[in-house]
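Student: I would like to know how the descriptive terms for this model are arrived at. Can we go through some of them?

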Amino acid sequence: MKTVFIDCSPKKKLSASGFIMSLTGLFVLGTKKKEKLRTPADNERILNEIADADNVVFSMPLYVDGIPSHLLPFLKKMEEFCRKNNKELNVYVIANNGFIEGKQNEPLMQNMENFCDRSNIKWCGGLGIGGGVMMNVMRILIVVFLGIALLRTFVSIINEGFFFPIGPWIVYGKQILEVLALGCGIITFDIWLALCINKKKEYGKHYTRIMLPSFVFIICADLFFTIISVIQGGIFRGWFSKKKPTVM
Ligand SMILES: Cc1cc2nc3c(=O)[nH]c(=O)nc-3n(C[C@H](O)[C@H](O)[C@H](O)COP(=O)(O)O)c2cc1C
């Protein structure tokens, strides 16, 4: 069984789609091929991979309540390819969005179902995830907490001469569990999706979210985007940014 995973986020790195796609891949058996779809130059290569595949998993962000537009030319080509070759294929979709409610991905799921219908391939369902940005926060936290644990171990060795102090690592273990608790809905639905892929079964449509109360999520998301804005182009990108918009 061959499964092609397609990360459809236009981000070169640190995409939530890529992260959740890799997490799903951990639980999928058989031959796995990971692809990145950002530009039309990727289309042909990915179609060649799909030619002998049994399953395709699209992992994508929600853009303006729908499918990101850079994906549409690929879907058009894939439709032609599947119809022409009478391709038998199971299609699963993972969509993540910025707002906290995963249900916001419903129109995207319907579009993908229509695409499968037009292409004569099997729509097997999808997982919609709300609060996608928090997946990046989660992985950043895991790395930051690891750095703190290493630092505390180093300081302890210097000060007290312990060969390997266990304290910082117990704290790190607890911190990891707390971070995983935030993503417990995503992880559970994701493993379920992987099990359906393995059995070539229909998954249906399911929606989940990051396990944070909405008012806490809004504060975290605001902080995250402010920090990213400052790092990537000045305070409030577009207002005081050093980068000037290009005139077309
Ligand atoms: C152009 C654009 C449009 C977006 N539209 C929506 C939207 O309609 N609803 C929503 O909840 N999030 C929206 N988002 C937020 C993304 O879905 C969210 O940041 C997602 O986690 C990005 O995933 P990625 O890291 O895989 O690219 C939009 C983001 C961009 C850049």
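Tutor: Let us start with a pair of helices in this predicted model. H5 and H6 are roughly antiparallel to each other.

Student: Why are H5 and H6 called roughly antiparallel?

Tutor: Helix H5 (residues 133–160) and helix H6 (residues 167–182) pack at an angle of about 175 degrees. Angles over 145 degrees count as roughly antiparallel, so the term applies. The axes of H5 and H6 are 9 Å apart.

Student: Which residues make the contact between H5 and H6?

Tutor: On the H5 side they include Met-134, Leu-141, Phe-145 and Arg-152. On the H6 side, Trp-169, Tyr-172 and Leu-182 are among them.

Student: What makes Glu-88 count as exposed?

Tutor: Its relative accessibility is 72%. Exposed means over 50%, so Glu-88 qualifies. Glu-88 lies in the loop between H3 and E4.

Student: Where is Lys-87, and is it buried or exposed?

Tutor: Lys-87 is in the loop between helix H3 (72–85) and strand E4 (90–97). Lys-87 is buried.

Student: How do you know that Lys-87 has no salt bridge?

Tutor: The nearest side chain of opposite charge, Asp-54, is 6.4 Å away. A salt bridge needs the charged atoms within 4 Å, so this pair does not count as one.

Student: What lies 2.9 Å from a polar atom of the Lys-87 side chain?

Tutor: The backbone oxygen of Ala-53 does. Leaving aside neighbours within four places in sequence, Lys-87 is in contact with residues including Ala-53, Cys-82 and Asn-120.

Methods:
Residues numbered from 1 in each chain as written. Predicted model: local features only at pLDDT ≥ 70, side-chain atom pairs only at ≥ 80, totals over all residues. Heavy atoms only, no water. Helix = DSSP H or I, 4+ residues; strand = E, 2+ residues; numbered from the N terminus. Buried < 20%, exposed > 50% of the residue type's maximum accessible area, 1.4 Å probe, protein only. Lys, Arg positive; Asp, Glu negative; His and termini not counted. Polar contact = N/O pair within 3.5 Å; in protein donor to acceptor, adjacent residues only side chain to side chain. Contact = heavy atoms within 4.5 Å. Axes fitted to C-alpha atoms, helices over the stretch in contact; angles between N-to-C directions. Parallel < 35°, antiparallel > 145°, perpendicular 65-115°, else oblique.
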